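Work through the exercises below with the coordinates open. Try each task before reading its solution.

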Amino acid sequence: MDDALRQKYSRQILFAGIGEAGQERLLSASAVVAGCGAIGAAAANLLVRAGVGRVRVIDRDFVEPSNLQRQTLFEEADARDALPKAVAAERRLAAVNSLVHVEGIVADINPRNVEELLGGFDVILDGTDNFETRFLANDFAVKQSVPWIYAAAVGSYGVTMTVRPRVTACLACVLAGERDGAGMDDTCDTVGVLGPIVNLVASMETAEALKLLSGRVEALHGRLTSCDVWSGKFQSVRVARNMECPVCVRGLFAHLEGEAQPHITMCGRDSVQIHERSRALDLEALKQRLAPAVDDVRQNDFLLRFRVAPYEMTVFADGRAILKGTQDPAVARSIYARFIGT
């Protein structure tokens, strides 16, 4: 390592857990951040500043004013111009560290493109806003034997866990059973989120990534860690592999093969229909949850309808939904995940 690099990363090299050998490994390592919302933006920023040689950021959405309270890579001009998050992130990160190859890709991760988008990286970091994509990433990582780090936050609560395929529990071991049933999820768009929790979770996620990429796997704690910055409660539990897990034990990759993803079809001239699978919604409870966050909520025994300008979404009790105002499946998935959950 030359003197300029030694100086640039001197404080990280001084840390005994990394040292010069670990920093050398970081400089030649690669990481992909799936999603560039609050957690993804903070994680990507930390990776680039740490000198991870190649960082890819993938996101399907654009910057909005409501993002700026917690999404640290963006500024008011990005929201005013409705700049895609991946584009804004690439520009900012390239200015942060010109020695890192930063790539921002505007895309919706799905079973057809997941290998192209996530393949070829040393570690995958979770920056997504929905479990549909998380379970897809879990399938891909387990099948390809690539470590990935689950991270999520809503309200003041956050959670993260490192998955090392066939060494630790995977996401399906921990959460697959809990995803069955009513399918009602709190989201940042319905219950809010605090900036401190996303930055805390992103920091824990990135610390785990740096352990992996610098070759310090013995420092991985192998636990699912949760925390609530409002109540001050922290919990860390060791999670055993489920020896009946359909993914990491039985090798059944339903999300990767597209069997578990909601089917989306065109519906009319300017509408998209989402065909959710095996989902029962309590429409009255959903109305109460959505009322503070959306416009013109109407509900009867059969459906619920609301507006998020310029779109109108109609949701049925079986989870099926129709979004008017677009023909873009990525937009439909995004609105559904934000307000109904996945």
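**Exercise 1. Find the residue that caps the N-terminal end of helix 13, and give the distance.**

Solution. Start with the element: helix 13 covers residues 329–339. Helices here are DSSP runs of H or I with at least four residues, strands are runs of E with at least two, and both are numbered from the N terminus. Next, look at the N-terminal end. Asp328 is the cap. One of its side-chain oxygens lies 2.9 Å from the backbone nitrogen of Ala330. That pair can be checked against the polar contact rule: N or O atoms within 3.5 Å, where within protein one must be able to donate a hydrogen and the other to accept it, and residues adjacent in sequence count only if both atoms are side-chain atoms. Now go to what follows the helix. Gly341 comes after helix 13 and has a positive phi, near 90 degrees.

A note on the input: this is a predicted model, in which local features need pLDDT of at least 70, side-chain atom pairs count only at pLDDT 80 or more, and totals for chains, interfaces and linings use all residues. Residues are numbered from 1 along each chain as its sequence is written, and side-chain values use heavy atoms, with hydrogens and water left out.

**Exercise 2. Decide how many residues of helix 13 are buried.**

Solution. Set the cut-offs: buried is under 20% relative accessible area, exposed is over 50%, and partly exposed is in between (1.4 Å probe, protein chains only). Count along the helix. Nine of the eleven residues are buried, so helix 13 is mostly covered by this definition. The buried set includes Arg333, Arg338, Tyr336 and Phe339. Ala330, whose backbone nitrogen faces the Asp328 oxygen, is buried too.

**Exercise 3. Count the disulfides, then say why Cys188 and Cys245 form none.**

Solution. Apply the rule: a disulfide is a pair of cysteine sulfur atoms within 2.5 Å. The count is zero. Take Cys188. The closest cysteine sulfur, in Cys227, is 14 Å away, too far for a bond. Cys188 is partly exposed, at 28% relative accessibility. Take Cys245. Its closest cysteine sulfur is in Cys170, at 3.7 Å, also too far for a bond. Cys245 is buried, at 0%.

**Exercise 4. Which strands pair with strand 14?**

Solution. Two strands pair if DSSP finds at least two bridges between them. Test strand 10 (271–275) against strand 14 (321–324): four bridges, antiparallel. Test strand 13 against strand 14: four bridges, antiparallel. Now find the facing residues. Ala321 stands opposite Ile274. Ala321 also stands opposite Val315. Finish with the hairpin of strands 13 and 14. Four residues separate the strands, and Gly319 takes a positive phi near 95 degrees.

**Exercise 5. Locate the cis peptide bond from Ala309 to Pro310, and place the positive phi values of Ser145 and Arg166.**

Solution. Check omega: near 5 degrees from Ala309 to Pro310, which is cis. Pro310 sits in the loop between strand 12 (303–308) and strand 13 (311–316). Then check phi. Ser145 is near 55 degrees, in the loop between helix 8 and strand 5. Arg166 is near 65 degrees, in the loop between strand 6 and helix 9. Ser145 is partly exposed at 48%, and Arg166 is partly exposed at 41%.
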